[in-house]
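User: I have a model open and would like to go through the reasoning behind its labels. Could you take my questions one by one?

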Amino acid sequence: MELTCTVNGERRTTDGIWPGESLLYVLRERLGLPGSKNACEQGECGSCSVFLDGVLVCACLVAAGQAEGSEVVTVEGLADGDSLDPVQQAFVAAGAVQCGFCTPGLVVAARDLLEREPDPSDADIREALAGNLCRCTGYEKILDAVRLAAEGRRG
Ligand code: FES
Ligand code: FES
């Protein structure tokens with residue numbers, strides 16, 4: 001099966017996709033974009049979060065064929081060249097990155113929240129990140145990072 005979609009602003013075509021292959025597999029193994037992490041492959045951890053036509057999804061739960069003709073944005077697509085996205089910068093500045101395995105998914109989910117709600121309450125942040133698991137940080141630094149990113153984006 002062939003798949004053509006736009007990934008991080010670039011039109012990409014991949015062939016040889018087998019039925020049932022996930023978008024996450026295509027991104028990581030066929031398109032060389034390892035930023036979206038493969039942890040549970042069951043929609044439980046959020047580490048594979050990407051935008052599909054502007055909607056936050058777990059790429060492990062999206063069949064590759066569902067992305068035909070769509071626009072996909074991964075964590076790699078958030079940075080502007082060598083300049084990190086402000087949400088990425090906030091995660092670094094707040095010390096919210098330890099092993100980093102959860103970080104791409106959290107950054108994408110936080111970006112989604114801040115696009116919808118520029119001034120989120122703590123409850124908003126906790127709800128938005130409820131689908132993203134982190135085994136290292138205890139979450140407090142992650143909450144700090146999202147608060148910091150929100151402040152930065154509001155100027
Ligand atoms: S790898 Fe997709 S939700 Fe965990
Ligand atoms: S920093 Fe290690 S899982 Fe979150």
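Analyst: Happy to; we will go from the sheet to single residues and then to the cavity, and please keep in mind that this is a predicted model.

User: Let's start with the sheet. What makes strands E2 and E4 edge strands?

Analyst: The five strands form an open sheet in the order E2-E1-E5-E3-E4, and the pairing is mixed. Strand E2 (10-14) and strand E4 (55-58) each pair on one side only, and that is what makes them the edge strands. On average, neighbouring strands of this sheet are turned by 35 degrees against each other, with direction ignored.

User: How do you know that E3 and E4 are paired?

Analyst: By counting bridges. At least two are needed for a pair, and four bridges join E3 (residues 49-52) to E4, with the strands running antiparallel. You can check the register yourself: Val50 stands opposite Val57 in E4, and Ser49 stands opposite Cys58 in E4. The two strands form a hairpin with two residues between them, and Asp53 in the turn has a positive phi of about 50 degrees.

User: And how many bridges link E3 to strand E5?

Analyst: There are two bridges between E3 and E5 (residues 71-73), in the antiparallel sense. Since the cut-off is at least two bridges, this counts as a pair. Here Phe51 stands opposite Val73 in E5.

User: Which way do the side chains of E3 point?

Analyst: In a regular strand the side chains alternate between the two faces of the sheet. In E3, Ser49 and Phe51 point one way, Val50 and Leu52 point the other way, and all are buried. As for what lies across this part of the sheet, helix H3 (residues 103-116) lies across E3 and E4 and runs at about 45 degrees to E3.

User: Why is Thr14 called buried?

Analyst: Buried means under 20% relative accessible area. Thr14 has 10%, so it is called buried. This residue is found in strand E2. Leaving aside neighbours within four places in sequence, Thr14 is in contact with Met1, Glu2, Leu3, Val26, Arg30 and Leu31.

User: What makes Asp80 exposed, then?

Analyst: The cut-off for exposed is over 50%. Asp80 has a relative accessibility of 63%, so it counts as exposed. Its place is in the loop between E5 and helix H2 (86-93). The C-alpha atoms of Asp80 and Leu27 are separated by 19 Å, and the two residues are 53 apart along the chain.

User: Why does Asn8 count as partly exposed?

Analyst: Partly exposed covers the values in between those two cut-offs. Asn8 is at 27% relative accessibility, so it counts as partly exposed. Asn8 sits in the loop between strand E1 (3-7) and E2. Its phi is positive, about 50 degrees, although it is not a glycine.

User: Where is Glu41, and what is its phi?

Analyst: Glu41 is in the loop between helix H1 (23-30) and E3. Its phi is positive too, at about 55 degrees, although Glu41 is not a glycine.

User: Finally, which residues line the largest cavity, and how are they classed?

Analyst: The lining is made up of Ser22, Leu24, Tyr25, Arg28, Glu29, Asn38 and Glu41. By class, that gives two nonpolar, two polar and three charged residues. The structure holds one cavity of 30 Å³ or more, and the largest cavity has a volume of about 30 Å³.

Notes. Residues are numbered from 1 along each chain as its sequence is written. Chains are lettered from A and ligands numbered from 1 in the order in which they are written. This is a predicted model: local features need pLDDT of at least 70, side-chain atom pairs count only at pLDDT 80 or more; totals for chains, interfaces and linings use all residues. Side-chain values use heavy atoms; hydrogens and water are left out. On a 1 Å grid over the protein atoms alone, a cavity is a set of points where a 1.4 Å probe fits but cannot get out, and a pocket is an open set with protein on both sides within 12 Å along at least five of seven lines; lining residues have an atom within 4 Å of a point. Grid points are joined across faces, edges and corners, and a volume is the space filled by probe spheres set on the points. Ala, Val, Leu, Ile, Met, Phe, Trp, Tyr, Cys and Pro count as nonpolar, Asp, Glu, Lys and Arg as charged, and the others, Gly among them, as polar. Axes are lines fitted to C-alpha atoms, for helices over the stretch in contact, and angles run from 0 to 180 degrees between N-to-C directions. Contact means heavy atoms within 4.5 Å. Buried means under 20% relative accessible area, exposed over 50%, partly exposed in between (1.4 Å probe, protein chains only).
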